[in-house]
Amino acid sequence: RHKTACTSRSCRRALRWLHNREPRYRQQCHHHHHHSVTPPRSLTRNTGGPGGSGVQEILNRGKEIQRTVDSPDDAQQSRYFDIVSFDPRGVGNTIPPLTCFPDLLSSYLWNEAVQAHGLVGSSEHAADHLWARMQALATSCTDSSKDNADIGPYMNTWSTAHDLHHIAQLLQPDPHADAKLQYWGYSYGTLLGVTYASLFPNQVQRMVLDGVVDALSWYSGEMSTSLRDADRVFDSFFRYCHQAGQPRCAFASPSADGEDDINAISELQQRFTNILSDLKASPLWTTHPSPDIITYSDVRRLLRLALYAPIDLFPTLAIILADLEQRNATSMAEWKTMLREEMQPAHCLSSECQSDAPCREACQYSYRVEVTAGTVCLDLNQKLLNATRDTGMSIFGLPLRAAIGWGTRLQIS
């Protein structure tokens, strides 16, 4: 028999790994561990992002992860794992934080304004507005007059891989032996794993890379390979919707008979295109659950998330599209409200939460676009330094649009 417990610790490391006399930062780690008759092994996780909090993931899903990786059935071959994760640089409670906004309210209002501008292509001036906002954000995050702004240049994946190596060394029972990392990373966490393995190839025991990022394309800035199969995934939505028919797929034609029919599937695609065209010309309004409008960009954001998690979100996408086709915006507005609360919990803005340390710290784990954007920018190194809008679009926007089909073009942000 065994039981589990959680512990947290922090460790101080140099901001620049090649300069150990540099100022130090404190990294927050979390350990979900076993007390068992069988000595447990350590499995280190990264939740992705970049910018995801490993500490919060272990607090929320530590037992679930442990059930997935443990194998207690055979007493002779039983294996138990301590689950270890950490908040990367600038994330969660690792300090110094990446400081871009004076408070959570400012960050919340910023993100609401970004949503209101719409995605690139949604209007004549959307790209200009978003480019200007990203310039303002980048400058604010690296403003030397702000507290702890010095973390900005040191948040790249190379540095985080060295942090991971330090954690692996701490988990090694023999402090004089090389680290032997056991690691499970998904999404961006696969890039971190690949980077670690490249830097420390003899200090990996086992590594699971789940949902692999193309590392060569990432570091070269050729992001189109990450969207290679997006059109195929979206095409499957129409195909499976037609095969399932109503009521299992709300967007299916009432006459769908479950047989593959190219014309019927093409009709579903055209209906979707018509919905987007109508919204681009004239947004829908609703009063439920609160006054709101539904825009072309809202549906594109939903599509982007649905392509990332099709099993979970394709049924939701079908219901919302069926409603929008009937000029009913309620279900889409409800989904927007749910997503907003998930990404930026409203209670985090209250004075009661801000004066309560546990609540305030938990709110620091909310998704922060500046952490994701900053890490990607640093990994590209000098490629975007002082780039103009036209240069940025020529490096990224045009190659993406040339490499992909109509389905993915609808979901690029």
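Here is a walk through this structure, from the overall fold to its disulfides, one loop residue and the enclosed spaces.

Keep in mind from the start that this is a predicted model. The protein is built from 16 helices and eight strands. It has 413 residues, and 45% of them count as buried. If you take the contacts with a separation of 6 or more, 68% of them come from residues 24 or more positions apart. On the outside, the protein exposes about 21,500 Å², with carbon and sulfur atoms supplying 53% of that area.

Now for the cysteines. How many disulfides does the structure hold? There are two. Let's take the pair Cys100 and Cys141, whose sulfur atoms sit 2.0 Å apart. The link between Cys100 and Cys141 is right-handed, with 115° about the S-S bond. As for where the two ends are, Cys100 belongs to the loop between strand E4 (81-86) and helix H2 (104-117), while Cys141 is in helix H3 (residues 126-141), so this disulfide ties together parts that lie 41 residues apart in sequence. Are its ends buried or exposed? Cys100 has 5% relative accessibility and counts as buried. Cys141 is buried too, at a relative accessible area of 8%; the cut-off behind both calls is under 20%.

The other disulfide joins Cys241 to Cys249, with an S to S distance of 1.9 Å. Here the angle about the S-S bond is -90°, and the link is left-handed. Both Cys241 and Cys249 are buried.

It's worth staying with Cys241 for a moment. You'll find Cys241 in helix H7 (residues 230-244), and its relative accessible area is just 2%, which makes it buried. What does Cys241 touch, once its neighbours within four places in sequence are set aside? Its contacts are Ser236, Cys249, Phe251, Ala252 and Leu268, so its disulfide partner turns up in that list because Cys241 and Cys249 are bonded through sulfur, under the 2.5 Å limit for a disulfide. Look also at Ser253: Cys241 and Ser253 are twelve residues apart in sequence, and their C-alpha atoms are 8.9 Å apart in space.

For a cysteine with another setting, try Cys377, which has 38% relative accessibility and so counts as partly exposed. The partly exposed class covers what falls between the 20% and 50% cut-offs.

Next, a loop residue. Gln172 is placed in the loop between helix H4 (157-170) and strand E5 (181-186). Is Gln172 buried or exposed? Its relative accessible area is 18%, so Gln172 is buried. Leaving out residues up to four places away in sequence, Gln172 touches Ala177, Asp178, Ala179 and Lys180.

Last stop: the empty space inside. Rolling a probe the size of a water molecule over the atoms shows where such space is left. In this model the count comes to three cavities of 30 Å³ or more. The largest cavity has a volume of about 70 Å³. Which residues line the largest cavity? They are Pro50, Gly51, Pro88, Arg89, Val91, Met155, Thr160, Tyr188, Val371 and Thr375. Sorted by class, that lining has six nonpolar, three polar and one charged residues. Arg89 is in the lining, and arginine is of the charged class.

Methods: Residues are numbered from 1 along each chain as its sequence is written. This is a predicted model: local features need pLDDT of at least 70, side-chain atom pairs count only at pLDDT 80 or more; totals for chains, interfaces and linings use all residues. Side-chain values use heavy atoms; hydrogens and water are left out. On a 1 Å grid over the protein atoms alone, a cavity is a set of points where a 1.4 Å probe fits but cannot get out, and a pocket is an open set with protein on both sides within 12 Å along at least five of seven lines; lining residues have an atom within 4 Å of a point. Grid points are joined across faces, edges and corners, and a volume is the space filled by probe spheres set on the points. Helices (H or I, at least four residues) and strands (E, at least two) are DSSP runs, numbered from the N terminus. Buried means under 20% relative accessible area, exposed over 50%, partly exposed in between (1.4 Å probe, protein chains only). Contact means heavy atoms within 4.5 Å. Accessible areas come from the Shrake-Rupley method with a 1.4 Å probe; for residues, only the protein chains shown count as cover.
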